[in-house]
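Okay, thanks for coming, everyone. Let me put the chain up on the screen and then walk you through it.

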Amino acid sequence: QVQLVESGGGLVQAGGSLRLSCLASGSIFSTNTMGWHRQAPGKQRELVASITPGGSTNYADSVKGRFTISRDNAKNMVYLQMNSLKPEDTAIYYCNLVRYILRWGQGTQVTVSS
């Protein structure tokens, strides 16, 4: 059983940066691709970044070049460095597995002001 705890969100001006963190308990973390998902007001949840156990990454077109996902398998942590933030990045951000979704955590709110 895995618990997911996101942190690091906040209010930032357009063009600013935030670093999100996710602690994933359980023994399955190191053998699963992890992703960051976000849900903006009035929109469906979308996967914005993922990282395999070996460190290969993928990004949604909307964030490519601005966001960087990373992981620390020894600490069961996954991170999302967000640079050049835009108002359209405003959303609740969640971490989770990609192959199959576990129970969602609380997420962390990212608000980007224009």
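So, start with the sulfurs: Cys22 and Cys95 are joined by a disulfide, with 1.7 Å from S to S. And keep in mind that this is a predicted model. Which parts does that bond tie together? Cys22 sits in strand β3, residues 18–24, and Cys95 in β9, residues 91–97, so the link bridges parts that lie 73 residues apart in sequence. For the geometry people: the torsion about the S-S bond is about 50°, so this one is right-handed. Cys22 is buried, at 0% relative accessibility, and Cys95 is buried at 0% too. The structure holds 1 disulfide, and you've just seen it.

Next, the sheet. We have 6 strands in an open sheet with mixed pairing, and the order goes β2-β10-β9-β4-β5-β6. At the edges stand β2 (10–13) and β6 (57–59); each has a single partner strand, so one side of each has no neighbour in the sheet. On average, neighbouring strands here are turned by 25° against each other, direction ignored.

Let me go through some of the pairings. β4 runs antiparallel to β9, with 6 bridges joining them, and Gln39 has Ile92 in β9 as its bridge partner. On to β5: β4 pairs with β5 over 5 bridges, again antiparallel, and Met34 stands opposite Ile51 there. Those two strands make a hairpin with 6 residues between them, and Gly42 in the turn has a positive phi of about 75°. Then β5 and β6 pair over 3 bridges, also antiparallel, with Ser50 partnered by Asn58 in β6. That's a hairpin as well, with 5 residues in between, and Gly55 in its turn has a positive phi of about 105°.

Now the packing. The largest nonpolar core has 29 residues, and the ones touching the most other members are Met34, Trp36, Val78, Leu80, Met82 and Tyr93. Several strands feed into this core with at least two residues each, among them β3, β7 (67–72), β8 (77–82) and β10 (108–113). Take Tyr93: leaving out residues up to four places away in sequence, it touches, among others, Leu20, Trp36, Phe67, Leu80, Met82 and Val110. Arg38 is on that contact list too, and we'll get back to that arginine in a second.

Quick detour to a loop residue. Asn32 belongs to the loop between β3 and β4. Is Asn32 buried or exposed? Buried: its relative accessible area is 4%. Beyond its sequence neighbours within four places, Asn32 contacts Ile51, Pro53, Arg71, Leu97, Arg99 and Tyr100.

Last bit, the charges. How many salt bridges does a search of the whole structure find? It finds 3. Arg38 pairs with Glu46 at 2.9 Å, N to O. Glu46 is partly exposed at 32% relative accessibility, while Arg38 is buried at 5%. Arg38 also meets Asp89, again with 2.9 Å from N to O. That pair spans 51 residues, from strand β4 to the loop between β8 and β9. And then Arg66 bridges to Asp89 at 2.7 Å, reaching from the β6–β7 loop to the β8–β9 loop, 23 residues apart. Arg66 is buried at 10%, and Asp89 is buried at 0%. Through shared partners, Arg38, Glu46, Arg66 and Asp89 end up in one network.

That's my tour, so over to you for questions.

Note on methods. Residues are numbered from 1 along each chain as its sequence is written. This is a predicted model: local features need pLDDT of at least 70, side-chain atom pairs count only at pLDDT 80 or more; totals for chains, interfaces and linings use all residues. Side-chain values use heavy atoms; hydrogens and water are left out. A disulfide is a pair of cysteine sulfur atoms within 2.5 Å. Helices (H or I, at least four residues) and strands (E, at least two) are DSSP runs, numbered from the N terminus. Buried means under 20% relative accessible area, exposed over 50%, partly exposed in between (1.4 Å probe, protein chains only). A nonpolar core is a set of buried Ala, Val, Leu, Ile, Met, Phe, Trp, Tyr and Cys residues joined through side-chain atoms within 4.5 Å. Contact means heavy atoms within 4.5 Å. Two strands pair if DSSP finds at least two bridges between them. Axes are lines fitted to C-alpha atoms, for helices over the stretch in contact, and angles run from 0 to 180 degrees between N-to-C directions. A salt bridge is a side-chain nitrogen of Lys or Arg within 4 Å of a carboxyl oxygen of Asp or Glu.
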